[in-house]
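Visitor: Could you take me through one loop of this model up close, and then follow its links out into the rest of the chain? I'd like to see the backbone geometry first and the packing after that.

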Amino acid sequence: MKKIVFALIVLLLLSGTVWSEELTWPPPPEMSRIKFVQTVRGPSDLKIKKSFFKKLWEFIAGDELEGLIRPVALTVQGDIICVTDVVYAGFHLFNLKTNSYKIITPKAVKLTSPTGAVFAGDGRLLLADSVIKKVFTFSDKGVFTGEFAAGFPFQRPTSLAVSPVDGSVWVSDTLAHQVFKFSPTGEKLLTLGKRGEKNGEFNYPTGITIGKDGRVYVCDTLNVRLQVFSSTGKFLFKLGRHGDSTGDFAHPKAVALDSEGNIYIVDGLFDAIQIFNEKGKLLLVFGQRGTRNGEFYVPASIFIDEKDRIFVSDSYNGRMQIFQYLREF
């Protein structure tokens, strides 16, 4: 019997077949809620092939750099994935529909530290640069189109979100300890908060997202909590506390919502993602520090698309990881 098993293993290896156990959380025998899909370091991981002309140009001019190095913000619109990269001082655009990939380092504006990104409902790509202290707009093909809210005195715009309700653009300004709401054309509509520890106040806010109902979720990072507001800026509730136990936070820095309203919070020090329901009850934790699939090393941002695919920029591992929410907690 042992000889038969050994022979089967040899045949599988020779045929190129690899046994791999599906990576899910929670692990079997419990019902799976989150499934690992794939790791992406460059276009080849998404089966994006170089065109003949690109191969010809690289043969003449030499290979061009490609692939993620230090990914920070990410956002998805349909088949287009945008990932900012502070090493390139630019961003990567993966287009699965056109089977194309490119690195954008715009000449019209010299980016320094692109830390926020979001696609607006009209197709525009908005990018926040925390060092330049500005928010810029691009087409979905990466063409620079201008400055958003030109002249507004941002101190360190870090994270961006667009409301699915009215198209308003929300900017988390970490150094100002405030969150700003703008019209789609860049007119300031609302200012949230000031520095402090009370409800509605912030201490270096970072990640931000907007729910289907217009609710605003803000990572109040150095107050070690998440705060939730109405679309008009009314404080609704908060969750999280400083600690090292399950359900506690150390450095909450990014937030996203799935189709059922569950709240995913990335903790940059725990190297994990914690999932809470709308009432703040902890549902699940996945991830830990490491380099294997499903592990993280200083994760920087998270985005969940309409298909409940979960995209995480695994910054110091130089990659993006994709997971799938399996619904029905």
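**From a loop to the core and beyond**

Guide: Pro-26 sits in the loop between β1 (24-25) and β2 (34-40). Bear in mind that this is a predicted model. The peptide bond joining Trp-25 and Pro-26 is cis, with omega at about -10°. Go a little further along and there's another cis bond, from Pro-28 to Pro-29, this one with omega near 10°. Pro-29 also has its place in the loop between β1 and β2. If you're checking omegas, those are two to look up.

Now for where the loop's flanks lead. Phe-323 is a handy bridge: leaving aside neighbours within four places in sequence, its contacts include Trp-25, the residue on the other end of the Pro-26 cis bond. Phe-323 also touches Ile-34, Lys-35, Phe-36 and Val-37, and those four fall within β2, residues 34-40. Other contacts of Phe-323 include Phe-286, Gly-294, Phe-296 and Val-312.

That takes us into the largest nonpolar core, a set of 18 residues. The ones with the most contacts inside it are Ile-34, Tyr-264, Ile-273, Phe-286, Ile-302, Ile-310 and Phe-323. Several strands chip in at least two residues each: β2, β19 (252-257), β20 (263-267), β21 (272-276), β22 (282-286), β23, β24 and β25 (319-325). In soluble globular proteins, nonpolar side chains tend to be buried together. Ile-34, Phe-286 and Ile-310 are in that list of best-connected core residues, and Phe-323 touches each of them.

Phe-323 also contacts Asp-308 and Arg-309, and Asp-308 deserves a pause. Asp-308 lies in the loop between β23 (299-304) and β24 (309-314). Its phi is near 65°, a positive value in a residue other than glycine. Asp-308 counts as buried because its relative accessibility is 0%, under the 20% cut-off.

Back on the far side of β2, there's a useful counterpart. Lys-47 lies in the loop between β2 and α2 (52-61), and its phi is positive too, about 60°, although Lys-47 is not a glycine. Here the surroundings read the other way: Lys-47 is exposed because its relative accessible area is 68%, over the 50% mark.

Carry on along the chain and you come to an open sheet of 4 strands in the order β3-β4-β5-β6, with antiparallel pairing. Its edge strands are β3 (71-77) and β6 (100-104), each pairing on one side only. From one strand to the next, the twist averages 15°. Inside the sheet, β4 (residues 80-85) and β5 (residues 90-95) pair over 6 bridges, and one of the partnerships joins Asp-85 to Gly-90 in β5.

β4, running over residues 80-85, also takes in Cys-82, which is buried at 0% relative accessible area. Cys-219 is buried as well, at 1%. As for sulfur links, a search of the whole structure finds 0 disulfides.

Two serines round out the tour. Ser-159 is in strand β11 (residues 157-162) and is buried, with a relative accessible area of 12%. A polar atom of the Ser-159 side chain lies 3.3 Å from the backbone nitrogen of Ile-208. Beyond its sequence neighbours, Ser-159 is in contact with Gly-116, Trp-170, Val-171, Ser-172, Thr-206, Gly-207 and Ile-208.

Ser-230, in contrast to that strand residue, is in a loop, the one between β17 (225-229) and β18 (235-239). Ser-230 is buried at 14%, and its side chain makes a polar contact of 2.9 Å with the side chain of Thr-232. Outside four places in sequence, Ser-230 touches Gly-214, Val-216 and Leu-236. Asp-213 is 17 residues away from Ser-230 in sequence and 8.6 Å away in space, C-alpha to C-alpha.

Zooming out, the protein has 2 helices and 25 strands. Of its 329 residues, 53% count as buried. Among contacts with a separation of 6 or more, residues 24 or more positions apart account for 44%. The pair of Phe-323 and Trp-25, from the start of the tour, is one contact that spans the chain this way.

Technical notes: Residues numbered from 1 in each chain as written. Predicted model: local features only at pLDDT ≥ 70, side-chain atom pairs only at ≥ 80, totals over all residues. Heavy atoms only, no water. Pairing = 2+ DSSP bridges. Axes fitted to C-alpha atoms, helices over the stretch in contact; angles between N-to-C directions. Disulfide = S-S within 2.5 Å. Buried < 20%, exposed > 50% of the residue type's maximum accessible area, 1.4 Å probe, protein only. Polar contact = N/O pair within 3.5 Å; in protein donor to acceptor, adjacent residues only side chain to side chain. Contact = heavy atoms within 4.5 Å. Core = buried A, V, L, I, M, F, W, Y, C linked by side-chain atoms within 4.5 Å.
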